[in-house]
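Q: I have a model with more than one chain open in front of me. How do I read the contact between chains, and then the cores? Please show me the case.

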Amino acid sequence: MSCTVLLTLLSHWKRRPFQFLTLVLGLALATALWSGVQAINAEARKSYDDAASVLGGETTLSDKTGRVISNETFVALRQNGWLVSPVVDGWVFGTDGRVRILGIDPLTMSRLNPAGTAMAEVEIFEFMGDDGLILAAPATARRLTNFAPRVRSVEGIAPGLAIMDIASAQTLAGIEGISRLTLLPNQPFRQTLLDEVAPELVRRSPETADDLARLTDSFHLNLTAFGLLSFVVGLFIVNGAVGLAFEQRRPVFRTLRAIGVTPGHLVSLLVLELIFFAFFAGGLGIGLGYIVAAALLPDVAATLRGLYGANVEGTLTLSPTWWLSGLAIAVLGAALAAATSLLQVARLNPLATAHPRAWARASSRTMRMQLSLAGIATLVALVAGVFGSNLMSGFTLLGGLLIAAALTLPTALSGLLNLGERLSGSGPLVEWFWADTRQQLPGLSLALMALLLALAANIGVSTMVGSFRLTFTGWLDQRLASEVYIGAENENQIDALIAFVTPRVDAVLPIWHTDADILGAPGEIYGVVDHPTYRQNWPLIVASPDVWDGIGRNEGALINEQLSRRENLSPGDILHMPGDWTTTIAGVYSDYGNPLGQVILPLQTLISRYPQVDRTDFGLRLDPEGVPGLRDALTEEFGLAPENIVDQASLKAFSLGIFERTFAVSAALNVLTLSVAAVAILTSLLTLAALRLPQLAPVWAIGLPRQTLARIEFFRALVLAFLTFILAVPVGLVLAWVLLSVINVEAFGWKLPMYLFPADWIWLLALSLLTAGLAGLWPARQLAKRPPADLIRVFVHER
Amino acid sequence: MVLTVTSVEKRFGKVSILNGVSLTLAAGEAVALTGESGSGKSTLLHMIAGLEPMDAGEITINGKALENLRDAERATLRRENIGIIFQQFNLIPSLTVAQNLSFQARLTGRSVDIDALASSLGLTEHLAKYPEQLSGGQQQRVAIGRAVAASPKLILADEPTGNLDEATGDAVFDLLVTAAHDKGAALLIVTHSNRLASRADRRLHLRHGHFQ
Ligand SMILES: Nc1ncnc2c1ncn2[C@@H]1O[C@H](COP(=O)(O)OP(=O)(O)O)[C@@H](O)[C@H]1O
Ligand SMILES: [Mg+2]
C-alpha cells in the first residue's frame, strides 16, 4: 500500500518536470555553496595542522628579545647536557612570493621530528652543506624553480615550506645564527639550569595549530558567512517549489486521506520523498561544491599567504566527513524548506472543499508577523553591536541586520507600491497594475528577499573592497615613499653598499628591523631616522604634535593601528618593550595588511637596545629618472639579485596584487550568491506564471490583447526588481559600514574610512534589471503565445 | 443588426462541432441559446467574442467582420462593443468590487455612476470588498454590472447562472435581461434551463452542429 501511495505522490513530478528541476536546482545550489566553503575551510585547517606539526611540534628555546641565538650558546648548551638541535626559520623569494624555509641539523635533530621523514627520502650527503638539497612538497617545489637544480619534491612536507640544511638556510635567508633550538624529548636528568648557561633564552611550549587557526579565524568565518547566505538564498527557492508542489497535490492528499491513509502515514511518505530529493540534489550539490572549492582554493591560498602568512595547499583532498555533512545539510535544508508544507498536510481536513487557497493574496497577518520578527532581529543585532566586542558579535550584528531587512521587505515594498499607485495616473490599467503587483507580493516575496540579500551583500562587500582599495592605494603611496628599496645579501656587504649609494642618491633611509614578541604576541620592531620623507608621508592616524622631533631626539616610539587597538594604547601611553625597558608612544600609524603588531623606534634606540637587528634593508630617495641607472650600477658592482633591488612601482604593484587576489574570493562568492538569487527570481516568476492564468484570463476576455498583458507582466518583474534594488542600497551601505568599522577592526585590527561608489550601483541595478527582465521575459512570452483555449479553459472548467 | 453570424463552421481536430450556423441579433433583443452539454454553445459564443478562431463562415459585429481583424484589434472590438459574462471567474481578483464594476467602462473611456449601478444590482454595501469575499451570486451580479456599465452593443453570457442555486440563478438571469434591455444592448445568453430560456425574446437550440 505504501508503495502504491508513494508512486501516486511521485507521479506528480513526472507531469511537472520544471518544478522538479527547480526543487533539485535550489537544493543543489544551496548545498553546493555551503559545502564548497566547508571544503575550503577544512583544507585550510588541515594545512594549519600539518604546518604546526612540522614547525612547532616540539618545545623550543628562543631568545627573549627575538634576537638570533649564537653558535656559542648552542655549543655551550650541548656541553652542559642540553639535548638541543638548531633550527633556522626564514623566508626566500620563490617565483610567486615568499616561501617559508626551515633549516635543520640532521645530525642533532630528533628522530621523531616530522622533517626527518622527509629526510629519509634523500641521501644525507646530498642534503648537508650550504648548497645541499632543498626539499619541498610538489606544489611548493613548483614555486621554487629559481633554485631548480637543488630542489627535490618530496610528498608529505607541509605546503609552502621548504626544508634544507641549516647552513643552506642561513645563506639563503641571510641569517647569521640560529632562530631557535628545539629541545629533544628525553632530556638527561643532570642538566645545568638554563639561566646559568644561557640566561637570554626562554623555553616555549609547542606551537599548536590553534595559533594559526585563531589568526585566520576571521577569514574563515567570512567564508562561512557567505556560504550560509547562499545556503539560505537557495532554501528560498526550495521553499517556493515545495510549497507549490504541495499546493497542487492538495486534491491528491485529500483523496488519499479520504480512502483511509492516515495523516501520519501520508506525512511519513512525503518525508521519504523529501529525503530522496535531498540525497539526489545533495549529491549533485556536493559535486558542484567540489568544483566551486577547487576553483576558489588557489585564490584562498594566495589570500591566506598574503594576509596571514599561512600556507595552504592549492589542491583539494576530501574526507568522507565532508561528503556526509554535505548530504546532512541537504536533508536539513529540505526539512527546513518543507516544514510548513508538511505541517499543513498533517492538519489537512479531507472534507474541506477544494477551496483555492489565496496563494497570491496579500496577507497583512503574515506581514505583521514578519515585522515583529524583524524587530526582534534588529534588537539582537543592536545588542550584539553595542555590547559585543568580538568577531562573533560582529557577525551577529551583520546577520541580525540582514534578516531584519529581508523580513521588512514585503511591508516596505507594499508601501512603495502604494506610493507608486498614488503618484501614477488613475487609469484602470494603472490601478490594476499596482493592485495586481501588490497581490503578487506574497508569492514573490521569498524570491525578492533572496534578491535583496544578494544585492545588499553585493553592495556591502563591493563598498568595503572599493573603500579598502582606495585607502590602501593612498596608503601605499605614503608608506612606500622611497623610490628604490634595496636589500644587502649579507651583513658584510652593508657598509660598502652605503658608501656606494650615498653619493648617488638624495637620501639613504635604513629600514632595519628585528622580530620580537611585543606584549606577548609575535611582532616586529623597526628603526627609522628623522627625515622629511617620514614627516611628509608617514600615514599617522593620531600623534603627539612633535612626534618626528622626538624621533630626531631618539625619544618615543610609533606603533601600528593593530597594536594600538589590541592593547588599547594611544599616544602618551607607556609601552613595555621586549628586553625589559619602556618607552612612550608618540603616534599611531595605519599598517594595512599586516597581521602583526609593529613598533617603530628611533634608529639609534633600535640599534642600542637590539644590537643584532637585521641591517640589510634600505630605502633610497632619488630622482625617479635615475632608478634604472642605479639598478644597473648596483647589479654590476655588488651582483645584487633582482629581488634585492625593488623599485617603488613594482613593490606597489606586488602589494596591490596581493589584495586583488584577497578580494577575488569575496568577489567570486558574491557573484555566485547573486546568481543563486537570479535563479530564485526566475523560478518564482515561472512558478507564479502557472498560477497567474485565472487572474489574467478575465482581463484578456474583457479586451486586453495577450501581448499587452505580456508586456505588463514583464514590466512588473522590472518594477519589483527595481524597488527591491532601491531598498537594497541602504541595507548594503549599513552592511558596508559594519564590515569596515566593526568586522575589520575585530578581524584585522584596523578601521577603514568608507567611500561610496555610485557607479557600481548603476552596474548592479542594470544587472538586477537584466536578471529580473530575463526571468520575466519567459513567462511573458509564454503568455503572449498562449493558445486562447488555455485562457478560455479558466472560465469553462473548474480549476 | 448588432450581430450577424453566417454559415460558421468549427472543428476540433477531426470532430466537427459546428457545421454552418447562422443567426442575427438586433439591438435590444434577448436571445437564449440552448443545447445539450457538449453541443458547441460555448464554442460559438467564444467565436463571436473573437476569443477563438473559426474554420469557415463570417461573423460581423456592428458591421465589422471578425476574420479581417488581428488579435489586438479583436481585443479592442471586444473591449468597446461586447460585454462578456462566463459561468465563473469573471472578476479580477486584485481589484475591489467598485473597481471591477467600472474596469471595462473606464478602459473604453466611458464614465460610470457606480453608486447607481451598485444599488440597481444590490451591491451597495459590497463596493469595497474583494471578489473572493462575495458569494457566487454576488460575484455574478458584479460581472453583469461590469458588462453593462461599459454600454456595449452586445452582451454575451455563457451559463451565467450555471453555478448558482435556482432562486439566485433566476434573480441573476432576470437582472441580466432587464439590464441589457435598459441599455438597449443585444443579449445572447447560453443556458440549459428551458424554464429560463422561455423568458427570453427568442430561443435557439443547438443540436448536431445546427440550429433547430
Ligand atoms: N479547445 C478544445 N479542443 C478540443 N475540443 C474542444 C475544445 N473546446 C471544446 N471542445 C469540444 O467541443 C465540444 C463543444 O464544447 P462546448 O462548446 O464547450 O460545448 P457546450 O458549451 O455546448 O457544453 C465538446 O465536445 C468539447 O469537448
Ligand atoms: Mg459550455
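A: Start with polar contacts. This is a predicted model. Between chain B and chain A, 9 residue pairs are in polar contact, both residues being at pLDDT 80 or more.

Q: Which helices of chain B each supply at least two residues of the side that touches chain A?
A: They are helix H2 (71-81) and helix H3 (97-107) of chain B. H2(B) gives the most to that side, with 6 residues.

Q: How does the side of chain B that touches chain A divide by class?
A: Sort the residues into nonpolar, polar and charged. Here the side of chain B that touches chain A has 12 nonpolar, 8 polar and 7 charged residues.

Q: How many residues does each chain bring to the contact?
A: Chain B brings 27 residues and chain A brings 30 residues. Together the two chains bury about 2,600 Å², with 61% of it on carbon and sulfur atoms.

Q: How many salt bridges cross the interface of chain B and chain A?
A: Look for a Lys or Arg side-chain nitrogen within 4 Å of a carboxyl oxygen of Asp or Glu. The rule finds 2 salt bridges across this interface. One of them pairs Arg106(B) with Glu431(A), whose closest N and O atoms are 3.0 Å apart.

Q: Now the cores. What is the general idea?
A: In soluble globular proteins, nonpolar side chains tend to be buried together.

Q: Which residues have the most contacts inside the largest nonpolar core?
A: That core has 151 residues. Trp432(A) is among those with the most contacts, along with Leu3(B), Leu44(B), Ile48(B), Ile59(B), Leu154(B) and Leu156(B). Helix H15 (residues 428-479) of chain A gives the most to this core, with 25 residues.

Q: What is Leu3(B) in contact with, leaving aside its neighbours within four places in sequence?
A: Its partners include Leu23(B), Leu25(B), Ile48(B), Ile59(B), Ile61(B) and Leu154(B). Thr24(B) and Thr60(B) are in contact with Leu3(B) as well.

Q: Which residues does the second, separate core include?
A: This core of 37 residues includes Trp581(A), Ile585(A), Val613(A) and Leu640(A).

Q: Where is Arg609(A) placed?
A: Arg609(A) is in helix H20 (residues 603-609) of chain A. Leaving aside neighbours within four places in sequence, Arg609(A) is in contact with Arg67(A) and Trp581(A). The C-alpha atoms of Arg609(A) and Ala516(A) are separated by 12 Å, with the two residues 93 residues apart along the chain.

Q: Why does Arg609(A) count as partly exposed?
A: Partly exposed lies between 20% and 50% relative accessible area. Arg609(A) is partly exposed because its relative accessible area is 39%.

How values were computed:
Residues are numbered from 1 along each chain as its sequence is written. Chains are lettered from A and ligands numbered from 1 in the order in which they are written. This is a predicted model: local features need pLDDT of at least 70, side-chain atom pairs count only at pLDDT 80 or more; totals for chains, interfaces and linings use all residues. Side-chain values use heavy atoms; hydrogens and water are left out. Contact means heavy atoms within 4.5 Å. Buried area is the accessible area (1.4 Å probe) that two parts lose on being put together, summed over both. A polar contact is a pair of N or O atoms within 3.5 Å; within protein, one must be able to donate a hydrogen and the other to accept it, and residues adjacent in sequence count only if both atoms are side-chain atoms. Helices (H or I, at least four residues) and strands (E, at least two) are DSSP runs, numbered from the N terminus. Ala, Val, Leu, Ile, Met, Phe, Trp, Tyr, Cys and Pro count as nonpolar, Asp, Glu, Lys and Arg as charged, and the others, Gly among them, as polar. A nonpolar core is a set of buried Ala, Val, Leu, Ile, Met, Phe, Trp, Tyr and Cys residues joined through side-chain atoms within 4.5 Å. Buried means under 20% relative accessible area, exposed over 50%, partly exposed in between (1.4 Å probe, protein chains only).
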